[in-house]
Amino acid sequence: LEIGQGAPYPTGTPPAEATRLSPEMLPDGRTALRFGLAPFLGFEATRAAYAPAATWIQARLGVPVTLDILNDYSELSDAIVAGRLDVAVMPPAAWVEAKRRNPKLALGATLIQDGRTAYSALLWVRSDAASEPLQDLKSLRGARIACVEPNSTSGYLMLVHALLKAGLDPAKDVTLIMAGSHVEAIRMLARGEVEAAATATSMRAIAEEASIAETGQRLPPMRLLYKTGTVPYDALSLSGELSPEARRRIVLAFASM
């Protein structure tokens with residue numbers, strides 16, 4: 001497996017010795033592998049979603065794994081760039097910026113979701129009479145739009161790009177409100193606090209599931225106003241403090257899930 005070189009996807013579960021990390025493979029002074037994420041589903045939901053992955057990786061690597069949910073993508077990038085994290089799941093734009101800041105970072109893999117390796121940014125509006133005038137991006141002039149945060153690829157950057165292409169100034173022609181997570185952006189739309197919500201592929205379905213689990217209620221009907229082109233799914237970023245062999249074993253452990 002050549003990291004970052006388009007290697008064939010590993011099949012089956014590798015033998016334990018292929019993914020086992022010895023303590024000396026960790027960065028100096030580290031007793032556990034630090035696995036970091038931003039709260040793109042919200043703090044508790046992100047932790048719940050990834051806790052099983054951390055448990056699996058810990059069993060495969062044979063060293064303790066801590067799951068760190070940082071405040072946002074900016075803080076996540078700072079931590080992996082500075083070597084305070086060993087592994088981080090980062091959206092494509094955040095990964096590119098982090099790699100620019102620290103060329104020693106390695107791309108271990110990209111996520112696969114529902115068989116896809118790429119995703120889009122989606123702009124949702126309510127499906128009711130009040131939203132009928134909203135039929136294209138230009139009709140959003142004066143609207144409030146719930147975004148995720150400024151470093152979110154699908155929940156902000158791709159939306160801003162689309163607005164600019166449509167001739168709208170994101171700083172003047174619309175009001176962009178940072179929700180902090182994809183799920184909260186959709187909930188803001190559901191509550192009628194904004195006229196539109198920017199999010200990623202599959203996130204509306206995730207928000208729907210969360211609503212049913214928490215309240216027993218489905219979200220109000222929504223319709224898709226705009227869909228962008230695609231970008232690669234999130235990057236599994238590996239610290240430059242890890243040796244090539246440690247990186248290889250970590251990637252194998254993730255790929256074996």
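# Why do we call it that?

Biologist: Asp-173 lies in the loop between helix 5 and strand 7. What counts as a helix or a strand here?

Modeller: Both are DSSP runs, numbered from the N terminus: a helix is H or I over at least four residues, and a strand is E over at least two. By that count the protein has eight helices and 10 strands. Keep in mind that this is a predicted model, where local features need pLDDT of at least 70 and side-chain atom pairs count only at pLDDT 80 or more, while totals for chains, interfaces and linings use all residues. Residues are numbered from 1 along each chain as its sequence is written, and side-chain values use heavy atoms, leaving out hydrogens and water.

Biologist: Why is Asp-173 called buried?

Modeller: Buried means under 20% relative accessible area (exposed is over 50%, partly exposed is in between, with a 1.4 Å probe and protein chains only). Asp-173 comes out at 18%, so it counts as buried.

Biologist: What makes the link between the side chains of Asp-173 and Arg-141 a polar contact?

Modeller: A polar contact is a pair of N or O atoms within 3.5 Å; within protein, one must be able to donate a hydrogen and the other to accept it, and residues adjacent in sequence count only if both atoms are side-chain atoms. These two side chains come to 3.1 Å, so they pass the cut-off. Arg-141 is also one of the residues in contact (heavy atoms within 4.5 Å) with Asp-173, and Leu-140 and Gly-167 are among the others.

Biologist: How do you know that strand 6 and strand 7 pair?

Modeller: Two strands pair if DSSP finds at least two bridges between them. Strand 6 (residues 144–147) and strand 7 (residues 175–178) have four, in the parallel sense, so they qualify. The chain gets from strand 6 to strand 7 through helix 5 (residues 153–165), in a right-handed β-α-β crossover.

Biologist: What makes a crossover right-handed?

Modeller: Look with the strands pointing away from you: the path from the first strand over the helix to the second has to run clockwise.

Biologist: Ser-181 lies in the loop between strand 7 and helix 6 (182–190). Why is Ser-181 called buried?

Modeller: Its relative accessible area is 6%, so it falls under the cut-off. The side chain of Ser-181 also reaches the backbone nitrogen of Glu-184 at 3.0 Å.

Biologist: And Ser-120 in strand 5 (residues 118–126): why is Ser-120 called buried?

Modeller: Its value is 3%, so the verdict is buried again. The side chain of Ser-120 reaches the backbone oxygen of Thr-228 at 3.3 Å, and a polar atom of that side chain lies 3.3 Å from the backbone oxygen of Gly-229.

Biologist: Which parts do the buried residues of helix 3 (residues 73–82) pack against?

Modeller: Strand 1 (33–37), strand 3 (87–90), helix 4 (92–101) and strand 10 (235–238). Tyr-73 and Leu-76 are among those buried residues.

Biologist: Stepping back, why is the whole protein called as compact as a globular protein of its length?

Modeller: The radius of gyration is taken over C-alpha atoms, and the globule rule is 2.2 Å times the number of residues to the power 0.38. The protein has 20 Å, close to the 18 Å the rule gives for 257 residues, so that description fits. Of those 257 residues, 51% count as buried.

Key:
Lists of a residue's contacts leave out its neighbours within four places in sequence.
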